[in-house]
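I am opening this notebook to keep track of what I look up, one topic at a time. I begin with a single helix, then turn to how helices pack, and end with a loop.

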Amino acid sequence: MVSHVYSMGLYGMEAFPVEVEADLSQGLPSFEVVGLPGTAVKESRDRVRSAIKNCGYEFPVSRITVNLAPADQKKEGPLYDLPVLIALLKASKQLDCGTDDSVFIGELSLTGEVRSVRGVLPMAIEAKKRGFRRIFVPCDNAAEGAVVKGLDVFPVKNLPELLRHLTGAEAISPASANETENLISPPAADFADVRGQLQAKRALEIAAAGGHNVLLVGSPGSGKSMLAKRLPSILPDMTFEEMIETTKIHSIAGAIPPGVSLIRTRPFRAPHHTVSPAGLSGGGSIPRPGEISLAHNGVLFLDELPEFSRGAMEVLRQPIENGMVTISRAGGTVSYPCSVMLVAAMNPCPCGYFGHPKRRCICSPQAVTRYLSRVSGPLLDRIDLHIEVPPVEFDELSSNEKAESSAEIRKRVNAARAIQNQRFHGTGITCNARITPDRLREFCPMSEKSRNLLKTAFERLGLSARAYDRVLKVCRTIADLAGSETIEPQHIAEAVRYRSLDRKYWLKEL
């Protein structure tokens, strides 16, 4: 007898339906799984056999063939344990119920407990599109699946509970979106705690308002990491579409905590400088998201930038330019979104005190040059604002005066983003940093005086064409914060000041 049960598969960001067919026939007892199964799928034979026996059912003693269709698509992960078990019970006539409108996803323990798996949210979304009405998932994954409207998501703790539901003995209540709201996030670090650094705060406000990339340069203890960690507190709220897309990526990576339905705060990822290029961009035989994709719609913070390997730094160039990282393997190509704000921090020299007003730098000019050259010019070109973070004076540190809070800064950021949303409505552009080159003239009008000032700065700093575009986008953001429709000379002057730490300029100063 042949039985059919439906499940889902995942490749990159895309989910696809999988039909699990189980056939029992005469012959020597065996258990074969076909349909391009991965190692974890093949191992499901032992987990399913033990779960059936330990839950009080009889494992069929016959020639068992389980087919996972479509047979030309690679199947990975332990999520097929549950549908394979249901298909076997139906084929052996130990379970009689209709499952054509249902999807089963879950890993089994040897005692029949259902364990969490990766990628439930994208699979639930695809199941809804395919016309399925019910999806059975592990309890730990029910929250993310319940976000999908029009699909009944049933949380399953163990096999006996599921079988009682399928036979009508005891129903499982579907997960409700109201019951799976995200837990209240701890309060974010506030800019009110930062003493001094008015120019750096202003630059980060501009970066948040326009979605620009930032490089913080300063001596040890000047507050670079402290400033970067407070940047999420002034970023605008995520839209529902951004929440869904961000949650999908974290679901695929298995990085969503149990009971959390949606990621509602912008991600802040800070990988250590020993991270590999694959750790940043993503990889594996079936490529998974890397740090740059996990930071999608949020902040990717790279502390001590020159300490990262050259390969890790250079792998960032194309993704931060296009907002998409593409990973090619022999089995296919996967693309993950990575629209991030890149925030990097570094010292001005190996000892950290080059240019310090009070401490002497012990590095030779050659050592400083080698240190700065670890960050390539093409990568610097893709960073919009180069911010110098000077050491904080004692009077500023000991002052009792309260600095401006993140809430006050965020009001101005939201006002600037509202202007951008209206300007870019229907264009697919989300912020000033994402303005395409063909529309720069349209969205960045400037007077002849402003144009001449920008030309002078371009020639003196030796900026590239890409750096020119990025300076112009920063000018647009500064003008938005000032409520100006056109770019004025003062906006040009401020934007160019944030390029004064360009690598070529540094080397001239040496």
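**Entry 1: helix α20**

I looked first at how well α20 is covered, and found it mostly so, with 12 of its 17 residues buried. I note for everything that follows that this is a predicted model. The helix runs over residues 465-481, and from its first C-alpha to its last it reaches 25 Å, which is close to the 24 Å expected at 1.5 Å a residue.

I then listed the buried positions, and they include the run Arg470, Val471, Leu472, Lys473, Val474, Cys475, Arg476, Thr477, Ile478, Ala479 and Asp480, together with Ala467. Just after the helix I came to Gly483, whose phi is positive, at about 75°.

**Entry 2: α20 and α17**

Next I asked at what angle α17 and α20 pack. For α17, which covers residues 406-423, I read an angle of about 115° to α20, with the two axes 9 Å apart. Because angles of 65 to 115 degrees count as roughly perpendicular, I entered α17 as roughly perpendicular to α20. The crossing of these two helices is right-handed.

On the α17 side I found Arg412, Ala416, Ile419, Gln420 and Arg423, and these meet Arg476, Asp480 and Leu481 in α20. Sorted by character, the residues of this contact are three nonpolar, one polar and four charged. I note that Arg476 and Asp480, which belong to this contact, also appear in my list of buried residues in α20.

**Entry 3: α3 and α6**

I turned to a second pair, helix α3 (residues 81-91) and helix α6 (residues 159-166), whose axes come within 12 Å and cross at roughly 50°. That angle makes α3 oblique to α6, and the crossing is right-handed.

Which residues make this contact? I found Leu82, Leu85, Ile86 and Leu89 on α3, and Leu159, Leu162, Leu163 and Leu166 on α6. The tally here is eight nonpolar residues, with no polar and no charged ones.

**Entry 4: Gly221**

Last, I went to the loop between β10 (214-217) and α8 (224-230), where Gly221 is found. Is Gly221 buried or exposed? Its relative accessible area is 79%, and exposed means over 50%, so I recorded Gly221 as exposed.

I also checked Gly221 against Glu494: the two are 273 residues apart in sequence, and their C-alpha atoms are 26 Å apart in space.

Technical notes
Residues numbered from 1 in each chain as written. Predicted model: local features only at pLDDT ≥ 70, side-chain atom pairs only at ≥ 80, totals over all residues. Heavy atoms only, no water. Helix = DSSP H or I, 4+ residues; strand = E, 2+ residues; numbered from the N terminus. Expected span 1.5 Å × (residues − 1). Buried < 20%, exposed > 50% of the residue type's maximum accessible area, 1.4 Å probe, protein only. Axes fitted to C-alpha atoms, helices over the stretch in contact; angles between N-to-C directions. Parallel < 35°, antiparallel > 145°, perpendicular 65-115°, else oblique. Left-handed = near helix turned anticlockwise from the far one by under 90°. Contact = heavy atoms within 4.5 Å. Nonpolar A, V, L, I, M, F, W, Y, C, P; charged D, E, K, R; others polar.
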